[in-house]
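Visitor: I would like a close look at one part of this model, with a little of its surroundings for context. Could you walk me through it?

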Amino acid sequence: MTAEFHELPYAHNALEPHIDEETMKLHHSKHYAGYVKKYNDAIAGTDLEGKPVDEVLADLDAVPTELRSGVRNNGGGASNHEKFWHWMSPEKTEPSEELLAAITSAFGGLNDFQDRFKQAALSQFGSGWAWLVIDGDGQLRIVSTANQDTPISQGLIPLLGVDVWEHAYYKHYGPGRADYVDAFFEVVNWDKVSQDYSAIK
Ligand code: MN3
């Protein structure tokens, strides 16, 4: 299946002052659109056209060698960003009681979770992502990945992720990745994360 281009679920300026309009425009219409197009170009005419992107990413070993790096990078970019747009919202939201209980059990509390998630985001060297995932045992974990690698390729289900490529923040925050991650927490769509957790756990 080709990767579908998802429109933003809010206006480009809706996340200001936390995420600025210009960054959102470039990030969505250039970077993300580029991943979608390159993925679709790469798989055109191959058997991969019959599978959803996340299924392809879940089994990269099954991808023909000559396509693998393009699928990993551009399919990953399409999948990661499609989710990322929906993990943010201009509405102020909070984790459900159920999700909060799971976060508290796994990390000690919401603030402890945020500290550890931020640490994962800051310690990811170079471009990549930090994630809250559910592992195969149903446990919440924090992981980070390089480039556009997705936890889906490690058998993990991403519940929340923050893009720490410089294109996601440099225009507004410069080298201040920590300030950007703090700002990200101001716009996290906890309703979405809570619904997904409830459906998956
Ligand atoms: Mn990005």
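Visitor: How much area does the chain expose, and what share of it do carbon and sulfur atoms supply? And after that, where does Glu98 lie?

Guide: Happy to! This is a predicted model, in which local features need pLDDT of at least 70 and side-chain atom pairs count only at pLDDT 80 or more, while totals for chains, interfaces and linings use all residues. Residues are numbered from 1 along each chain as its sequence is written, and side-chain values use heavy atoms, leaving out hydrogens and water.

The chain exposes about 9,600 Å², an area from the Shrake-Rupley method with a 1.4 Å probe, where for residues only the protein chains shown count as cover. Carbon and sulfur atoms supply 46% of that surface. Of the 201 residues, 48% are buried, meaning under 20% relative accessible area; exposed is over 50%, and partly exposed lies in between (1.4 Å probe, protein chains only).

The chain has 8 helices and 3 strands, which are DSSP runs numbered from the N terminus: H or I over at least four residues for helices, E over at least two for strands. Their order is α-α-α-α-α-β-β-β-α-α-α. The domain assignment, automatic or from a database, gives domain 1 (21–86) and domain 2 (97–200). The contact between them takes 19 residues from each domain, where contact means heavy atoms within 4.5 Å. Taken over C-alpha atoms, the two domain centres are 20 Å apart.

Now to your residue. Glu98 lies in helix α4, which spans residues 97–107. With a relative accessible area of 32%, Glu98 counts as partly exposed. If you set aside neighbours within four places in sequence, Glu98 is in contact with Tyr197, Ser198 and Lys201. Contacts across the sequence also show up in the chain as a whole: among those between residues at least 6 apart in sequence, 68% join residues at least 24 apart. Try Leu140 as another landmark: Leu140 and Glu98 are 42 residues apart in sequence, and their C-alpha atoms are 13 Å apart in space.

Two backbone details are worth a visit too. A cis peptide bond, with omega about 5°, joins Glu16 and Pro17, and Pro17 is found in the segment before α1 (21–43). Asn147, though not a glycine, has a positive phi of about 55°. Asn147 sits in the loop between β2 (140–146) and β3 (157–163) and is partly exposed, at 39% relative accessibility.
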